[in-house]
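The following exercises concern the fold of a single protein chain. Please work through each task with the sequence and the model at hand before reading its solution.

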Amino acid sequence: MIYHFRDSVRSYLHDRMIGAGVDLLADTSSKLVPDLRWNELPSYYEAWLAAQRVKGDWALTLLELWEACWSDNVPAGWNAVDPDEQVPLNRNLNPHPNVCWEENWFGRLFLQGAERLWLCADMEDNVFRVGLWLEDKREKPLLTGNVPGMTYDRDAGILWQTDPPPYAPDGSLDVGETIGVCRAVRSFLEAR
């Protein structure tokens, strides 16, 4: 399956000047750019609005990629948690666009008995990858390896896709192999 990035995300990823401008203007603080003049304020507001659009499109892209890879591959018997219920358990997986932008990922929580399964989609360093972690209610990791297509990151406590695909310069991304990894993960978790 080929995923095509939204125009704003493709421009952000592949044009260094646009990327730098968006990074400056997408800052969530209330700082103005240095040396801004009153007559430049309308242009600044337009540019700020465009940067916010990139942030929103970034969150939508992560959500769409998550759905493409994980939605049909959530292991049987796991119950989805609503967005507002998962935020108190892990602030970094808040689905708010600002958090998706700052963390470069989108994730969802699923419960089965006393276990928590986090499934995420991550875009960083010109690659897209999926990840997961399984923990008990005390946040003790229950999986640290031996999951097909995944490698354990001890520092983060997350299993990441071993060979993630890079973005193509035309703004496309082949997620076929990633979907295959998610299928293998589903089968592995259902068999445990």
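Two strands are said to pair if DSSP finds at least two bridges between them. The model examined here is a predicted one.

**Exercise 1. Describe the turn that joins strand 3 to strand 4, and the pairing of these two strands.**

Solution. Step 1: strand 3 and strand 4 form a hairpin, with two residues between them. Step 2: within the turn, Gly113 has a positive phi of about 60°. Step 3: the two strands run antiparallel and are joined by eight bridges. One bridge partner of Leu109 can be named, namely Trp118 in strand 4.

**Exercise 2. Follow the pairing from strand 4 to strand 5 and state how many bridges are formed.**

Solution. Step 1: the pairing of strand 4 with strand 5 is antiparallel and extends over 10 bridges. Step 2: Trp118 has Trp133 of strand 5 as its bridge partner. Trp118 is thus linked to Leu109 on the one hand and to Trp133 on the other. Step 3: this hairpin has two residues between its strands, and Asp125 takes a positive phi near 55°.

**Exercise 3. Establish the strand order of the sheet and identify which strands stand at its edges.**

Solution. Step 1: six strands form an open sheet with antiparallel pairing, in the order 2-3-4-5-7-6. Step 2: strand 2 (79-80) and strand 6 (150-153) each have a single partner strand, so one side of each has no neighbour in the sheet, and these two strands stand at the edges. Step 3: strand 6 pairs with strand 7 (residues 158-161) in the antiparallel sense over four bridges. In this pair, Met150 has Gln161 of strand 7 as its bridge partner.

**Exercise 4. Determine which helices lie across strand 4, and whether strand 4 is largely enclosed or open.**

Solution. Step 1: helix 3 (residues 41-70) lies across strand 3 (105-112), strand 4 (115-124) and strand 5 (127-136), at about 125° to strand 4. Step 2: helix 6 (residues 176-191) lies across strand 4, strand 5, strand 6 and strand 7, and runs at about 15° to strand 5. Step 3: a residue counts as buried under 20% relative accessible area. Nine of the 10 residues of strand 4 are buried, so this strand is largely enclosed by the rest of the structure.

**Exercise 5. Place these elements in the whole protein: how many helices and strands does the protein have?**

Solution. Step 1: the protein has six helices and eight strands. Step 2: their succession along the sequence is β-α-α-α-β-α-α-β-β-β-β-β-β-α. Step 3: of the 192 residues, 42% are buried.

Notes. Residues are numbered from 1 along each chain as its sequence is written. This is a predicted model: local features need pLDDT of at least 70, side-chain atom pairs count only at pLDDT 80 or more; totals for chains, interfaces and linings use all residues. Side-chain values use heavy atoms; hydrogens and water are left out. Buried means under 20% relative accessible area, exposed over 50%, partly exposed in between (1.4 Å probe, protein chains only). Contact means heavy atoms within 4.5 Å. Axes are lines fitted to C-alpha atoms, for helices over the stretch in contact, and angles run from 0 to 180 degrees between N-to-C directions.
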